[in-house]
Amino acid sequence: MSEIITVNSEKCVGCNACIRSCPAPEANITKMLDDGRFVTTVNSERCIACGECVRSCLHGARDYIDDTAEVMDAINKKERLIILATPSIKTVFPQKWKNILNWFRKQGCMVFDVSFGADICTWAHIRAIQNGVVENIITQPCAAIVKYIETYQPSILKNLSPIQSPILCTAIYIKRYLRLTNRIAVLSPCVAKKNEFTETMFVDFNVTFQKMMEYFNENDIRILIDNNDDLAYNFDGEQGQMGAIYPKPGGLRDNLLLHDPDIDIVNSEGVHKVYPELDMYAKLTESNKPKVFDVLSCEFGCNVGAGASSQRSLFEIMQTMNNVEKEASGRRKIKGGFFRASEDKILKRFDEELMLEDFVRKYRQFEPSYEPTLEELEPVFHSIGKYTEADKNFNCHACGYSSCKAMATAIYRGINVPENCILHAKSVLRSQQSSIIKQNEKIDKLSADVEDIARSINEITEATNATDNRKNDVHDLLNNVIEFCNSTQTMDKDGLTSLVEILENADAAFDDLNDNVKNTTENTEAVNQTISDIRLIVTDINAVLQGAETNKES
């Protein structure tokens, strides 16, 4: 599968907003870089391209790819493309949509209305239900829904409507019934349609409204405002009727009920609602499923698709949609007839002109990922510091996942890392803080011990100096005594000799003491140097610890 959602790793801050908004549990891959940053990239094989992560990323790290550049290049080379305009173009650009289509026409393109294909889609569903071709079905105008079921809920592929989407119904009609072979580009608000076009191969390009307008702005192409509220347009093919309301929530449902009010239909929209309900649908027995489950990924329908880039409020969009519905309903009425009678006429026309099998689609099933057992997740829980049942069900959602089990499963699959568990990270920080406190205590004791040693060495140095001074005094005294004894006449020779020997022995002892003092002084200097080095080491250690504490707090 081709890449649609892109990531600028330099802008990613690891806030997990993309994971939190994403309905596809395996679409994001979070890694911790060597510098400690967390970056979340996209697994294109498991991404459904709903575009919610692009909406939710506040740092500009996420974007998407469409085919605008290729289409504009083809137009600049004078290729005559077929442009399919989805009905939501009227709600996104209420005063510019006609001039946008006129611009493409001036470039030599043909322009067709997807609303007409939506009418075909309605007819095909009605006939498939009435003829027993399908049982309980999930509608599939939404490409993100299709990819989700193919990837994550293959057990309900049997329920996914085999009828092609309105865009594909339009393209098939153009190719098989109008016999046109030109390459086809679609103007749409949907990022995920690129997947549908790649898989079905009836449409060549997906041009989102947002990228289209970016191209116009970058190339100084001015689209003038048209204040005419008339919603009719002279397409190269027929303009659709009630198919024009498909972009609103329940648009397909309303079309089906218009033809058959007795059909059992339930609808759902929005990423945080429809995907959990699809998971719930997969657990139902067939007897408990509605006849039609009408679903859209975007909460307020295609009018606010991820590629719409509309600056209009929801209320303005819905007001325009109401006007579209009134205009389409008015064009379906016939003189002297009734609404239901005119509806039957539309269905009869398609019965006569079209073949249902031409608008049927087959799906491909992706290999579902292995679901680890609780026993297999146990080591993963331990890696993020979760041992008790309360820990394993803390479910703070800070990692972006719906539960601790979902996070553990992501780690098990290798698409996330234990360090991205906030509680685990806090636990590690608390442990590091405790270790730092203990180290600080040891450093403080070491500093005190060094100071005690320094004071003792100073005292030794002072004592050594005093001893050295006393030794000199004794040496002088001995010389004086010897001189005195030699000069006196009162001391006999033997006494003098004994005294001299004693004094010489004392002098020798003090010489030995002097040598010891000298060695002690030299050793003291060495010890003082070592103490100075230790003081510097202690200062460096304290600086490192204070830096670690500052980083932890920030």
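I started at the end of helix 15, where Gly385 follows with a positive phi, near 75°. Worth jotting down before anything else: this is a predicted model.

**Helix 15**

I went back into the helix itself. Helix 15 covers residues 374-383, and I found Leu377, Val380 and Phe381 buried there. Looking down the axis of helix 15, I get its buried residues inside an arc of 105°, so they line one face of the helix. That fits the textbook picture: an α-helix has 3.6 residues a turn, so residues three or four places apart point the same way. On the face turned away from the buried side of helix 15, I noted Glu375 and Pro379 as exposed. Then I asked what covers the buried residues of helix 15. The cover includes helix 16 (389-392) and helix 17 (404-413).

**Positive phi outside glycine**

Next I went after residues with positive phi that are not glycine. Asn395 has phi near 50° and is a residue other than glycine. I placed Asn395 in the loop between helix 16 and helix 17. Is Asn395 buried, partly exposed or exposed? At 26% relative accessibility, Asn395 goes down as partly exposed.

Asn16 is another case, with a positive phi of about 70° and again no glycine. Asn16 sits in the loop between strand 1 (5-7) and helix 1 (17-21). Unlike Asn395, which is partly exposed, Asn16 is buried, at a relative accessible area of 4%.

**Helix 3**

I gave helix 3 (residues 68-76) the treatment I gave helix 15. The buried residues of helix 3 are Thr68, Val71, Met72, Ala74 and Ile75. Down the axis of helix 3, they fall within an arc of 160°, so again I can say they line one face of the helix. Ala69 and Asn76 are exposed on the other side of helix 3. What do the buried residues of helix 3 pack against? I listed helix 5 (97-106), strand 8 (184-188), strand 9 (205-208) and helix 10 (209-218). Just past helix 3 comes Lys78, with a positive phi near 70°.

**Strands 5 and 6**

Then I turned to a pair of strands. Strand 5 (residues 82-85) and strand 6 run parallel, joined by 4 bridges. I picked out one partner: Ile83 is bridged to Val111 in strand 6. Which way do the side chains of strand 6 (residues 110-113) point? Met110 and Phe112 go one way, Val111 and Asp113 go the other way, and all are buried. The alternation is what I'd expect, as side chains in a regular strand alternate between the two faces of the sheet. I flagged Asp113 for myself, a residue on the Val111 side and buried along with the others.

**Thr86**

I followed strand 5 out into the loop between it and helix 4 (89-92), which is where Thr86 sits. Thr86 is buried, with a relative accessible area of 7%. I looked for a polar partner, and the backbone oxygen of Leu187 turned up 2.8 Å from a polar atom of the Thr86 side chain. Which residues touch Thr86 once its neighbours within four places in sequence are left aside? My list reads Val114, Ile167, Val186, Leu187, Ser188, Pro189 and Phe209.

**Cysteines**

I searched the whole structure for disulfides and got 0. I checked Cys12: the nearest cysteine sulfur belongs to Cys18 and is 6.2 Å away, so with a cut-off of 2.5 Å there is no disulfide there. Cys12 counts as buried, at 10% relative accessibility. Cys190 is in no disulfide either, with its nearest cysteine sulfur, that of Cys142, 6.0 Å off. I have Cys190 down as partly exposed, with a relative accessible area of 21%.

**Whole chain**

Last, I pulled the overall numbers. I count 19 helices and 11 strands in the protein chain. The protein chain has 554 residues, and 46% of them count as buried. For contacts with a separation of 6 or more, I get 78% from residues 24 or more positions apart. The accessible surface comes to about 27,900 Å², and carbon and sulfur atoms hold 52% of that.

Definitions and conventions:
Residues are numbered from 1 along each chain as its sequence is written. This is a predicted model: local features need pLDDT of at least 70, side-chain atom pairs count only at pLDDT 80 or more; totals for chains, interfaces and linings use all residues. Side-chain values use heavy atoms; hydrogens and water are left out. Buried means under 20% relative accessible area, exposed over 50%, partly exposed in between (1.4 Å probe, protein chains only). Helices (H or I, at least four residues) and strands (E, at least two) are DSSP runs, numbered from the N terminus. The arc is that of the directions from the helix axis to the C-beta atoms. Contact means heavy atoms within 4.5 Å. Two strands pair if DSSP finds at least two bridges between them. Accessible areas come from the Shrake-Rupley method with a 1.4 Å probe; for residues, only the protein chains shown count as cover. A polar contact is a pair of N or O atoms within 3.5 Å; within protein, one must be able to donate a hydrogen and the other to accept it, and residues adjacent in sequence count only if both atoms are side-chain atoms.
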